[in-house]
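The exercises below are meant to be worked with the sequence and the coordinates side by side. Try each task before reading its solution.

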Amino acid sequence: MAASGVPGRGRAAEAPAGPGHGQHGAGWIDVHAHLVPPSFDRAWHAAPPSRRDGMPGLPKWSLDTALADMDRTGVRAAAVSVPSPGVNFGDPRGAADLARRINSESAGIVAGSGGRLGLLACLPLTDADAALAEIAETADLPEVHGYVLFTNHDGRYPGDPAFRPVLAELARRNATVLLHPTSAPAVEVPGVRRLPSALLEFPFDTTRAVIDLVLSGSLAEFPGIRWIVPHAGATLGVLADRVDALAAAMLPGRRTDVLGALRSLYYDLSGPVLPRQLETLLRIADPLRLLYGTDLPFFPQDLVYRWHDELARTELLDERQRRAAARETAASLFPRLGAA
């Protein structure tokens, strides 16, 4: 464990050279990367352990290090957001002020990146009025390219009726939204509760959130939102047929095309998606709606370099699909990053 509390940080000199200057490397767009502005750092360290996703610490982050990591992997531009839990540190009354500070600080960082970063702003979603106010505050900022929403907010998932005004406004603005995992509501499972949420609970909570959007009707009701599902769809590729079949049998009167809904989404390929998960994802996803993601600085640098190299060379994608995943699809969602 590195001093930062995250494996692999501070080991760039030991990492393999990576594919940054190879034939597949130049000009990629990373849609799933993080920044750690001062207000988030302070809130995270002041929060009780139950609000820290089982993480032993936050990685060190700086703009210079982020840009160096991008150069190492041939990433020309990146959409960045604050990590889990966003602004949900157990103080709903303070969440709006925290979101304002985080977004302001983050916009300042992005403004100093020479156009290489774009911000996915965070929202205090547990207060719909405050979230709408924050959208109005940030939507026209040149640094803001979209939004990050978390998979649950104190146990309420994105399809909750309380969130519909926010989804309606995001849809009206044709916003691109990264759906990012966070810890699920507390469930006492011996042993598993001692593990960091990123190991198991993040993929499962991503799956819960996406299926909630589908079966609640929110995905169909607000088609203007371009949703990005992280980590190669989590467990959706494995569970899609089960949900599709059993929803029809167990939810009388519901006529939801689960497989069609899942195919309408975008999926980032952050994390260890090869050799197995990408193949499973391709059974439910449009291969031209895949996107590159690193999840830096929360994954070890040497693994990110290796996964990038594997993705650039996988035979599961043809050349057109590789180009789309590396840059073209992201450029359609984030045209200002595509022009970087």
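Is Ala 234 buried or exposed, judged by its relative accessibility? At 13% relative accessibility, Ala 234 counts as buried, where buried means under 20% relative accessible area and exposed over 50%, with partly exposed in between (1.4 Å probe, protein chains only). This is a predicted model, in which local features need pLDDT of at least 70 and side-chain atom pairs count only at pLDDT 80 or more, whereas totals for chains, interfaces and linings use all residues. Residues are numbered from 1 along each chain as its sequence is written, and side-chain values use heavy atoms, with hydrogens and water left out.

**Exercise 1. Describe the backbone at Ala 234 and at Asp 53, and place each residue in its loop.**

Begin with Ala 234, whose phi is near 55 degrees, a positive value in a residue other than glycine. Ala 234 is found in the loop between β6 and α8 (236–250); helices (H or I, at least four residues) and strands (E, at least two) are DSSP runs, numbered from the N terminus. Then turn to Asp 53, a residue other than glycine with a positive phi near 60 degrees, which lies in the loop between α1 (38–46) and α2 (63–72). Asp 53 is buried, with a relative accessible area of 7%.

**Exercise 2. Locate the cis peptide bonds that precede Pro 275 and Pro 297.**

Leu 274 and Pro 275 are joined by a cis peptide bond with omega of about 10 degrees, and Pro 275 belongs to the loop between β7 (266–268) and α10 (277–281). The bond from Leu 296 to Pro 297 is also cis, with omega near 5 degrees, and Pro 297 sits in the loop between β8 and α11 (301–313).

**Exercise 3. Work out the strand order of the sheet and the surroundings of β3.**

First, the order: eight strands form an open sheet, running β1-β2-β3-β4-β5-β6-β7-β8 with parallel pairing, two strands being paired if DSSP finds at least two bridges between them. β1 (28–34) and β8 (290–291) stand at the edges with a single partner strand each, so one side of each is left without a neighbour in the sheet.

Next, the pairings of β3: strand β2 (residues 75–81) pairs with β3 in the parallel sense over three bridges, and the bridge partner of Ala 79 in β3 is Gly 118. With strand β4 (residues 144–150), β3 pairs in the parallel sense over four bridges, and Cys 122 stands opposite Val 148 in β4.

Last, the burial of β3: six of the six residues of this strand (residues 117–122) are buried, so it is largely enclosed by the rest of the structure. Both faces are covered, with Leu 117, Leu 119 and Ala 121 buried on one side and Gly 118, Leu 120 and Cys 122 buried on the other.

**Exercise 4. Characterise the packing of α4 against α5 and of α1 against α3.**

For the pair formed by α4 (residues 128–138) and α5 (residues 164–172), the angle is about 15 degrees and the axes are 9 Å apart; axes are lines fitted to C-alpha atoms, for helices over the stretch in contact, and angles run from 0 to 180 degrees between N-to-C directions. That makes α4 roughly parallel to α5, since angles under 35 degrees count as roughly parallel, over 145 as roughly antiparallel, 65 to 115 as roughly perpendicular and the rest as oblique. Ala 128, Ala 131, Leu 132 and Ile 135 of α4 meet Pro 165, Val 166, Glu 169 and Leu 170 of α5, contact meaning heavy atoms within 4.5 Å.

For α1 and α3, the angle is about 135 degrees with axes 7 Å apart, and these helices are therefore oblique to each other. The contact involves Pro 38, Ser 39, Phe 40, Arg 42 and Ala 43 of α1 together with Leu 98, Arg 101, Ile 102 and Glu 105 of α3.

**Exercise 5. Identify the residues that touch the most other members of the largest nonpolar core.**

A nonpolar core is a set of buried Ala, Val, Leu, Ile, Met, Phe, Trp, Tyr and Cys residues joined through side-chain atoms within 4.5 Å. The largest one has 102 residues, of which Leu 170, Trp 227, Leu 262 and Tyr 267 touch the most other members. Helix α3 (residues 92–111) gives the most to this core, with seven residues. Not counting residues up to four places away in sequence, Leu 170 touches Ile 135, Tyr 147, Leu 149, Ala 175, Val 177 and Ile 225.
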